[in-house]
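Biologist: Could you walk me through how the sheets in this model are put together? I would love to hear the reasoning as we go.

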Amino acid sequence: MTPEDKKRAAAEAAVAYVKPDSIIGVGTGSTVNHFIDLLAAKMAGQITAAVSSSEASSERLRALGIRVVDLNDIGKLDLYIDGADESNTRLELIKGGGGALMREKIVAAASREFICIADDSKLVATLGAFPLPVEVIPMARELVAGELRELGGEPRLRAAFITDNGNQILDVHGLHIEDALDLETRINQLTGVVCVGLFARRPADRLILSGDDGIRTLQS
Ligand code: 5RP
């Protein structure tokens, strides 16, 4: 199976969790793109609407005939489907490879259930081989970079990239994250940080992993 086949298989398994007449949260990335395509193909006209975590996903949803609504008009969501860059077995995640971490965290926080979909290469023993994205207010970029170095990381500015919120991203290399909740809290407290792509305070509830042997589901 190619990596794309695996992403598609994980996305297909997630469609089974979507209830007709519901409003669902939809994340961002290549795995989620498969999910959006399959959702439109299999449940066209059956779901009420989606709350999206990025302009890119909103555009894809709308192009396939799925209505996109504002979270402020909805309140709590029953279900959020999104990908990840890494997950540990506690279903704590690194996210933000696509730069949508802030809105992804908002939609995850607003959702009763968060199902993460990924190919099996994303499951790791310890988070941190994937550089940790940190969204920063541009004016504070160097200030935050210095603090991240103090925490043991090596921040690198994501070149030619501006988030949907008008901010920049520092990708932090060289971390070996044993206590994800503690690091999430520390980075959140740095002045100038908008969001850190660690999802430990609100991990996934379920991780659908696709591999050569089929689908495996982990629950927190
Ligand atoms: C975007 C994300 C994505 O979920 C993450 O980068 C995984 O992407 P892909 O499915 O393309 O591997 O967090 O901000």
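Modeller: Happy to; we will take the sheets and their helices in turn, bearing in mind that this is a predicted model.

Biologist: In which order do the strands of the four-stranded open sheet come?

Modeller: Pairing in this sheet is antiparallel. Strand 8 (154–157) and strand 10 (193–196) each pair on one side only, which puts them at the edges. Read across, the order is 8-9-7-10.

Biologist: Which residue of strand 9 stands opposite E154?

Modeller: Strand 8 and strand 9 (residues 168–173) are antiparallel partners, joined over four bridges. Opposite E154, strand 9 places H173.

Biologist: What angle does helix 4 make with strand 10?

Modeller: Helix 4 (residues 101–109) packs on this sheet, where it touches strand 7 (132–136), strand 9 and strand 10. Its direction and that of strand 10 are about 65° apart.

Biologist: And helix 5, at what angle does it run to strand 9?

Modeller: Helix 5 (residues 141–150) lies across strand 7, strand 8, strand 9 and strand 10. Relative to strand 9, the angle is about 15°.

Biologist: Turning to the open sheet of three strands, why is one side of strand 4 and of strand 11 left without a neighbour in the sheet?

Modeller: The order here is 4-5-11, with antiparallel pairing. Strand 4 (86–87) and strand 11 (198–199) have one side free because each stands at an edge, with a single partner strand.

Biologist: Which residue of strand 11 is opposite L93?

Modeller: Strand 5 (residues 93–94) and strand 11 run antiparallel, joined by two bridges. The residue that stands opposite L93 is F199.

Methods. Residues numbered from 1 in each chain as written. Predicted model: local features only at pLDDT ≥ 70, side-chain atom pairs only at ≥ 80, totals over all residues. Heavy atoms only, no water. Pairing = 2+ DSSP bridges. Contact = heavy atoms within 4.5 Å. Axes fitted to C-alpha atoms, helices over the stretch in contact; angles between N-to-C directions.
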